[in-house]
Amino acid sequence: MRVLGAALALAIGIASYGALVEPRASAAATGEAVVQPVLDRLTSDDGAPGALAEVRNGTGATVLTSGVADLGTDAPMRGDSSFRIGSMTKPFTATVVLQLVGEHRIALDAPVERYLPGVVRGSGNDGRHITVRDLLQHTSRLPDYLTYYTPQDALADRYAHHDPVDLLRIALAHPPVTPTTDSGWSYSNTNYLLAAMLIEKVTGHSYGTEVRQRILTPLGLHETSAPGDATGIPGPHPRGYVRPAADADPIDVTEFNPSVAFGGGNMISSASDMSRFFDALLHGRLLRPAELAEMQHVVSTGHEDGSAYGLGLQRWSLPCGGVFWGHMGDIFGFQTMSGSTTDGRQATVMANLDPGGTDAQDADVKAAVTTALCA
């Protein structure tokens, strides 16, 4: 079980990687027949109040739900729900940075110092020796500020605004991390905090404005937003819960100020919007071929599942063959994952409990995605 006392990095970062579950039906089975049992397992054995999945292919979309959106009223989970997406924010941030690379306003292999002079300094961390690519690929060795700013800290004053400079200062008070992989990969939310700061410095506009103008409006993603200091979730949405201990009742944390996850985990979206975003991204509607190729140039994460990380984009193997691209996300109240194949299949899954979910919940969120993509 991942309890509330675990590092908030897990609450906004990558979820624990569970074992893949092989599809349990023939190729002729519908997505509903094979995905629904996984969702039902999430809301029974795994302990999440509710779950939803959207499965898309070239002919249409199927939305599946299980459990409840609100433990107080037992209202069922709605298929058109919006929710916090945690680290699935990172592909949006990386896309904006790579668009600026394509416009020759940012050089991918330039030091961060060029754009944020003097900002990355302290305890052996030095922006003169960290590139923009390092930020997007998590090879900077920068410590994760969310390792030191605990969930209890964040929830103690959940409506407080968090200035990016203050969050960065928390990270820079600690020495660079020592990667455990030969690739030098080490996940850190500090990287995407800086990437969002970089966007603002180069464009002169807010991070949210650039995401909206460059991605959300062109794609018509009306349920997706970078909410700034807004504490609520607009539109139909489930309540989001944390479980502070294995035997504790879930606590409602639906409302809080997401600025604590600036650039790396602060966005809100829906299953439909996430599937459409990844489909557009992988089919070249957001990036030129050169920048998309850079995004898909991966390094090993060192995880047992063989996953690899590009520039804000994760790659996994499918149990039925081939690979899929996407990202996982965790933030107070919600665990999410979205994946897409290059031949036009997408799946997005959400459970409204995190942190405090079981290892089985981690595994089944991923199993729902892989099962849907293989159905």
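A salt bridge here is a side-chain nitrogen of Lys or Arg within 4 Å of a carboxyl oxygen of Asp or Glu. The model on your screen is predicted, so local features need pLDDT of at least 70 and side-chain atom pairs count only at pLDDT 80 or more, while totals for chains, interfaces and linings use all residues. Residues are numbered from 1 along each chain as its sequence is written, and side-chain values use heavy atoms, leaving out hydrogens and water.

By this rule, the model holds 17 salt bridges. Let's visit a few.

Start by selecting Asp 109 and Arg 133, whose closest N and O atoms are 2.7 Å apart. Asp 109 sits in the loop between helix H3 (90–102) and strand E5 (121–122), and Arg 133 in helix H4 (residues 132–137), so their salt bridge ties together parts 24 residues apart in sequence. (Helices, H or I with at least four residues, and strands, E with at least two, are DSSP runs numbered from the N terminus.) Now switch on the surface: Asp 109 is exposed at 51% relative accessible area, whereas Arg 133 is buried at 17%. Buried means under 20%, exposed over 50%, and partly exposed in between, with a 1.4 Å probe and protein chains only.

Next, select Arg 105 and Glu 103, a salt bridge with its closest N and O atoms 3.4 Å apart. Arg 105 is partly exposed at 37%, and Glu 103 is partly exposed at 37% too. Add Glu 210 and Arg 214 to your selection, and you have a network of salt bridges linking these four residues.

Finally, go to Arg 345 and Asp 343, which form a salt bridge with closest N and O atoms 3.0 Å apart. Arg 345 is partly exposed at 24%, while Asp 343 is exposed at 55%.
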